[in-house]
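Got your viewer open and the cartoon showing? Let's take a walk through this one, stop by stop, with something to select at each.

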Amino acid sequence: MCKAKRDICAGIILTVLLVFSLSGCGSTGESDLNSYSSKLDSNTTTNLETKIIKTIDGDVEIPANPQRIVTQGYLANFLVFGVKPVGAPYWELESPYTVELSDGITDIGQIDGGSVEKILSLKPDLIVTVGGDEKLNEQYRKIAPTLVIPYGTYHEVHEEMRAFGEILGKEKEAEKWLEDFDSKVISAKASIQGLIKEGTTFSLMGPFGKDFYIYGDGVNRGGQAIYQQLGLAPPETVRKDLIETKINALNISQEKIADYAGDYIFLDISGGAEFDEHSPVWSTLDAVKNKRVFQLNPERFWPYDPIAVEAQVEEIANMLKEHLGKEK
């Protein structure tokens, strides 16, 4: 497939955030939206059950049992509950964690002015978006009740599952999924127990485009799986500068890589980056000299939804078992 497929469209989230700057890119006519909004109002009955969801924009009234959901940034969060939205962006439909579950879901393209007309044609009764462009959000609200949940709102999979369980009225299903998830995490941790020496540290880092980043335990590059779920220890600099301050990513100069390098390194090379693994800075790191670098597949480790985190826990544990078992 296209390069976007190989690198989740040069980075799912950075693509989304960059698109937000294009707020002037076309929009559906105001009269079309007002006309559709009026039709929705005229079809509303007093028997329609609703609920209130708290958001950054205040309380939002949504259908208690939405049937036609359009999502931008949260496709997997619905699919994990067995709920199939009617529309989502292509970069979510192509994710390895959702592609086999996405048959029949309409591609609504990027989050820009062009998406409004596509969303309007799907006649949704609920829109859930990462937001970012308030002008677009206002147009969405004229189509259907809209929940704006900014990127990075949820720092941990339990919080995220429970939030979407509330949105869908599937709180019990959320708790059951989390029970199964926690059991899988316990099994993954047990599988590497005894292989990691006390005090061993792990870093998550890599180049994106022309920049170099250190990642924490949030939504980037499998950080949740590595640090939160498997409990692998970060270097003290990573703990202090990212995890304790809840910073997902820190842009540093390559000269400072050694300050954040652990005994083992999980390396992400993406965004079209050209990275010289023989450079003086990189090649002198202990983890590199001792062949303790795990190169991550961006297609597998860019997604940060509950389905992805569950899979990443197992993948990281398997990487460690295979490598550390040979060191014994």
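Which strands does helix H11 lie across, and at about what angle does it run to E9? Select residues 236-243 to find out: H11 lies across E9 and E10, running at about 95° to E9. Keep in mind that this is a predicted model.

**Stop 1: helix H11**

Stay on H11 and show its side chains. Val-238, Leu-242 and Ile-243 are buried. Look down the helix axis and you'll find the buried residues within an arc of 70°, so they line one face of H11. For the background, an α-helix has 3.6 residues a turn, so residues three or four places apart point the same way. Now spin round to the face turned away from the buried side, where Glu-236 and Lys-240 are exposed.

What do the buried residues of H11 pack against? Add helix H10 (223-229) and helix H12 (257-260) to your selection, along with E9 and E10: those are the four elements they pack against.

**Stop 2: the sheet beneath**

Next, colour the strands of the sheet. It is an open one with five strands in the order E10-E9-E8-E11-E12, and the pairing is mixed. E10 (249-252) and E12 (293-295) are the edge strands; each has a single partner, so one side of each is left without a neighbour in the sheet. Tilt the view and you can look for the twist: neighbouring strands are turned by 30° against each other on average, direction ignored.

**Stop 3: strand E8 and its hairpin**

Select 202-208, which is E8. How many of its seven residues are buried? The count is seven of seven. In a regular strand the side chains alternate between the two faces of the sheet. Here, Phe-202, Leu-204, Gly-206 and Phe-208 point one way, while Ser-203, Met-205 and Pro-207 point the other.

Now add 211-215, strand E9, which pairs with E8 in the antiparallel sense over four bridges. Two pairs to zoom in on: Pro-207 stands opposite Phe-212, and Phe-208 stands opposite Asp-211. The two strands form a hairpin with two residues between them. Click on Gly-209 in that turn, and you're looking at a residue with a positive phi of about 60°.

**Stop 4: strand E11 and the parallel side**

Over to residues 264-267, strand E11. Are its two faces covered or open? Both are covered: Tyr-264 and Phe-266 are buried on one side, Ile-265 and Leu-267 on the other.

E11 runs parallel to E8, with four bridges joining the two. Pick out Met-205 and you'll find Leu-267 as its bridge partner in E11. E11 also runs parallel to E12, this time with three bridges. The pair to show there is Ile-265 opposite Val-293.

**Stop 5: a helix pair, H6 and H7**

Leave the sheet and select 113-121 (H6) together with 134-143 (H7). The two helices pack at an angle of about 5°, with their axes 10 Å apart. That angle falls under 35 degrees, which makes H6 roughly parallel to H7.

Turn on side chains to see who meets whom. From H6 come Gly-113, Ser-115, Val-116, Ile-119 and Leu-120; from H7 come Leu-136, Gln-139, Tyr-140 and Ile-143. Sorted by type, the residues of this contact are six nonpolar, three polar and no charged.

**Stop 6: Gly-109**

Where does Gly-109 sit? Back up along the chain from H6 and you'll land on it, in the loop between strand E5 (106-107) and H6. Gly-109 counts as buried because its relative accessibility is 9%. Leaving out residues up to four places away in sequence, Gly-109 touches Pro-89, Tyr-90 and Lys-118. Try a distance line to Glu-92 as well: Gly-109 and Glu-92 are 17 residues apart in sequence, and their C-alpha atoms are 9.9 Å apart.

**Last stop: zoom out**

Show the whole protein chain again. It comes to 16 helices and 12 strands. Of its 328 residues, 52% are buried. And among contacts between residues at least 6 apart in sequence, 63% join residues at least 24 apart.

Definitions and conventions: Residues numbered from 1 in each chain as written. Predicted model: local features only at pLDDT ≥ 70, side-chain atom pairs only at ≥ 80, totals over all residues. Heavy atoms only, no water. Pairing = 2+ DSSP bridges. Axes fitted to C-alpha atoms, helices over the stretch in contact; angles between N-to-C directions. Contact = heavy atoms within 4.5 Å. Buried < 20%, exposed > 50% of the residue type's maximum accessible area, 1.4 Å probe, protein only. Arc of directions from axis to C-beta. Parallel < 35°, antiparallel > 145°, perpendicular 65-115°, else oblique. Nonpolar A, V, L, I, M, F, W, Y, C, P; charged D, E, K, R; others polar.
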